[in-house]
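Good morning, and thank you for making time for this. I would ask you to look at the structure on the screen while I speak about its interfaces.

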Amino acid sequence: MNLEQAGGGATAPLLELRGAGKSFGGVTALEGVDFDLRAGEIHGLVGENGAGKSTTMKIIAGVHHDYRGEMLVGGRPARFRSPGEALAAGVGMVHQELSVAPELTVAENVFLGAQPVTRLGLVDWSRMNREARGLITSLGLDLDPRARMGDLPVGLQQMVELARVLFSGARILILDEPTSALSPPEVERLFTVLRRLRGEGRGLIFISHFLDDVLAISDRVTVFRNGRRVTTEPVAGLTKDAVIGHMIGRRSAELHMGETAELRGDDARPVAMSLRAPGLDIDLRAGEITGVYGFMGCGQIELARALFGKGRIRGARIEIDGRPVSLRSTAAARAAGVAYVPENRRMMLFREAPVYKNVSIAILDRIHRVWLRPKAERRIAQTHIADLQIRPPQAGIAVGSLSGGNQQKVALAKWLTHLPKVLILSEPTRGMDVGAKEDVIRILRSLRDRGVAVLVLSTEPETILTLAERVLVMRKGAATLSLSRGRIDKSHLLAAA
Amino acid sequence: MSSTAESRPPRRSAAMGFLLGQLRNIAPVIVLIAMVAFFSSTSSTFLTVANFMNILSQISLTAIIAVGLTFVILTAEIDLSVAAVANAVGIMVAYFTLQPEYVNIANMPVHGVLAIVLTLAACFAIGLTTAFGVTVIGIPSFIMTLAMMQIANGVSAMLVRGQIAYNFPDAITFLGSGSIFGVRATIVVALVFLVTAHLVLTYTRFGRYVYMVGGNREAAEYSGVNVRFVIGAVLVIGAMCSGVAGMLGVAYFGSAQQTQFDTYLLDAIAAVVVGGTSLFGGRGGIGNTVIGLLVLGVLNNGLDHIQIDSFLKILIRGLILLAALIVNVYAQALRAPRTADEG
């Protein structure tokens with residue numbers, strides 16, 4: 001609690017990690033990380049997905065406790081066993097997905113679980129509203145504590161959550177992607193509040209993919225790559241290019257596969273499907289792989305869903321083969337020749353059902369209008385099993401017992417019996433071992449060669465750079481970069497996202 | 001690394017795993033055998049051909065309702081309006097039939113065939129209304145069918161106004177109270193419904209969709225299955241089965257009046273669930289429903305054969321239903337650890 005007191009002056013950091021490491025089931029996620037946070041500092045944290053940012057923060061916030069190395073809070077050794085313990089010691093975290101109760105008032109959200117009560121044991125509303133107003137005013141905001149949370153814009157909801165964490169007495173604040181859902185004025189307001197908190201001597205850790213935001217608000221920036229801390233530098237004199245260079249690592253000799261790509265978009269090819277919406281304009285061409293890159297929450301999931309008739313994008317017009325269509329259901333999208341493999345296999349597969357039923361579900365109507373033909377289903381499944389090298393090669397075993405890569409192949413096989421016009425895939429290679437990844441890439445390329453318009457959406461630049469012949473980068477629901485020719489590498493994607 | 005290995009549940013033997021996986025199918029059969037054995041040993045009149053036919057006759061109307069409900073529960077939805085719809089439809093067919101002088105109902109007599117057609121059309125409309133509320137508006141089926149239950153009861157009340165109707169179209173009278181080759185006609189109709197439903201669920205594309213939508217609704221939708229159509233269709237099937245049971249039921253009872261089907265709601269749900277069809281959807285089927293019907297039929301009938309307090313019967317049925325629900329949910333939980341490992 002008395003962190004500054006224990007630290008003894010401005011030189012001792014609020015928080016320090018020494019040689020922190022963490023493994024998950026034999027895979028090292030973090031190794032030898034030193035990190036420190038000073039009082040009155042905003043410390044930016046950047047790195048690609050899986051670089052070790054979140055693991056580090058989860059150690060600090062008490063989510064992981066079986067880590068290597070040691071942590072000092074206010075100069076004293078500490079090892080939190082739960083987020084509650086971390087909060088009690090003054091370490092609070094505001095997550096990317098806000099955990100607010102939309103039906104409750106602002107004041108109730110601030111005091112969630114700790115409402116002040118009268119002597120009779122009833123909630124002391126007037127005191128709660130008064131104190132909530134005080135806290136909110138101290139953040140420089142003017143907000144009615146009796147307003148319903150769900151009626152507020154996301155930016156203000158985030159402020160209320162921030163107020164809650166501050167109310168719990170946090171001296172160290174971790175903010176995970178705080179700007180990803182905010183409009184530019186909201187970002188400005190957040191920064192004003194963060195600077196105010198910095199002025200009060202608190203330490204803030206600002207995790208973000210948005211490098212412009214990080215450079216605008218941070219005093220120092222720490223870059224992670226492959227589970228290690230690459231560098232910690234004062235923001236003065238640091239450029240976006242330099243940060244990206246640290247994030248992806250400079251390899252002068254040779255660039256690895258997927259770190260650079262030669263785009264070969266051909267505008268002569270026919271457009272199989274197109275979507276026009278404010279700020280977003282996308283053409284999917286037959287025989288081409290289009291890649292959409294963006295961070296989590298950039299709107300690519302919504303784009304994929306809208307193209308498959310699940311959900312809508314405001315003001316969007318969709319055309320297939322030049323004709324406007326209205327995709328009211330996924331069944332309508334399938335009938336129109338659109339196929340979709342979502343990012344989460346659980347959303348796509350019937351784990352307890354055998355492989356052949358998982359494959360045939362999308363083509364039962366083509367096998368027979370009324371009756372089931374199990375023999376035909378198994379024969380078709382067996383063909384795909386052979387083509388895609390699904391292991392074990394049995395059509396009758398439950399999909400849930402296959403490995404992740406083989407499950408992904410089954411999810412793909414569903415759409416391969418009768419080739420779709422358009423195949424949309426979210427994160428097609430995420431979480432797969434190298435062999436399965438290469439298989440999937442090979443399959444997608446062969447589909448392209450057979451005239452399918454393939455759309456790959458991913459948060460991993462490697463996936464996009466490996467597969468795409470045409471690239472679109474999305475940010476907050478709009479396209480920020482659209483390229484069809486020339487040589488690009490990761491830095492182009494990261495800079496635009 | 002070692003800690004993750006230790007935290008896994010101990011591996012079960014293959015045979016044990018199979019038995020646990022089949023718990024929902026095996027348990028009801030064991031219960032049925034045990035009950036038949038118990039009632040046979042305690043009552044001399046229980047184990048006779050005549051009594052067996054009697055049991056079949058007693059469960060035949062429940063069976064027709066339970067067929068529709070099996071479709072609904074397989075998609076992980078529920079229909080609480082089945083008994084009320086049966087009642088309303090039974091009264092409707094009487095409303096379209098000429099009643100004796102002393103029945104004081106302002107009804108609308110038409111030709112028998114037309115009466116049946118009109119009644120079935122009304123029943124279809126009720127099913128469509130439920131389907132619309134659930135699939136288009138998005139009301140949870142539990143609440144939507146609760147409202148439809150009240151509406152159907154209201155229709156019943158409006159049509160008979162506390163009176164009792166006695167006449168029905170000839171075809172209905174025959175199917176509800178007649179016999180075919182010495183077998184009660186309702187048993188034959190129930191058999192036709194059970195067999196047809198089994199064929200539909202097992203051998204048709206629609207049947208596969210019912211199971212897949214119940215097994216993983218999201219995956220079905222992302223596979224391009226028209227999930228809303230499937231759910232709407234099972235709700236209409238549920239209403240139509242209830243309607244047929246209602247029409248035959250009034251003839252079976254010999255009269256049409258309010259609230260005469262009230263016990264059928266619990267019986268039909270109990271039959272499906274006791275038989276082992278999962279409340280979470282996707283598992284079970286007509287075979288399970290048949291076993292469930294027999295369990296309930298034997299229980300109700302057997303309790304009449306051994307001298308027992310008739311009020312205690314109600315409590316016993318409640319306890320049996322609770323036990324079945326526990327097995328139903330527990331069977332799902334037992335499966336979960338084997339499929340929960342992330343792939």
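How many residue pairs are in polar contact across the interface of chain A and chain B? In this predicted model, the rule finds 13 such pairs, with both residues at pLDDT 80 or more. On the side of chain A that touches chain B, the elements giving two or more residues are helix 11 (330-335), helix 12 (355-360), helix 13 (364-367) and helix 15 (404-413) of chain A. By class, that side of chain A holds 17 nonpolar, 7 polar and 13 charged residues.

Let me turn to salt bridges. Between chain A and chain B the count is 3. One of them joins the side chains of Arg208(B) and Glu377(A), at 2.8 Å from N to O.

Now the extent of this interface. Chain A brings 37 residues to the contact, and chain B brings 25 residues. Together, chain A and chain B bury an area of about 2800 Å², and carbon and sulfur atoms give 51% of this area. Which three residues supply more than any other three of the area that chain A buries against chain B? They are Phe350(A), Glu352(A) and Leu372(A), which supply 22% of that area.

I move next to the interface inside chain A. Chain A is divided into domain 1, covering 3-248, and domain 2, covering 264-496. The contact takes 14 residues from domain 1 of chain A and 11 residues from domain 2 of chain A. Taken over C-alpha atoms, the centres of domain 1 and domain 2 of chain A are separated by 37 Å.

What area is buried between domain 1 of chain A and domain 2 of chain A? The value is about 1100 Å², with 57% given by carbon and sulfur atoms. Helix 9 of chain A (residues 240-248) gives the most to the side of domain 1 that touches domain 2, with 4 residues. That side of domain 1 of chain A has 6 nonpolar, 5 polar and 3 charged residues.

As for specific interactions, the rule finds 0 salt bridges across the interface of domain 1 and domain 2 of chain A. Across that interface of the two domains of chain A, 2 residue pairs are found in polar contact, both residues at pLDDT 80 or more.

To set the two interfaces side by side: the count between chain A and chain B is 3 salt bridges, whereas between domain 1 and domain 2 of chain A it is 0. Thank you; I welcome your comments.

Conventions
Residues numbered from 1 in each chain as written. Chains lettered and ligands numbered in written order. Predicted model: local features only at pLDDT ≥ 70, side-chain atom pairs only at ≥ 80, totals over all residues. Heavy atoms only, no water. Domains from an automatic or database assignment. Contact = heavy atoms within 4.5 Å. Buried area = accessible area lost by both parts, 1.4 Å probe. Salt bridge = Lys/Arg side-chain N within 4 Å of Asp/Glu carboxyl O. Polar contact = N/O pair within 3.5 Å; in protein donor to acceptor, adjacent residues only side chain to side chain. Nonpolar A, V, L, I, M, F, W, Y, C, P; charged D, E, K, R; others polar.
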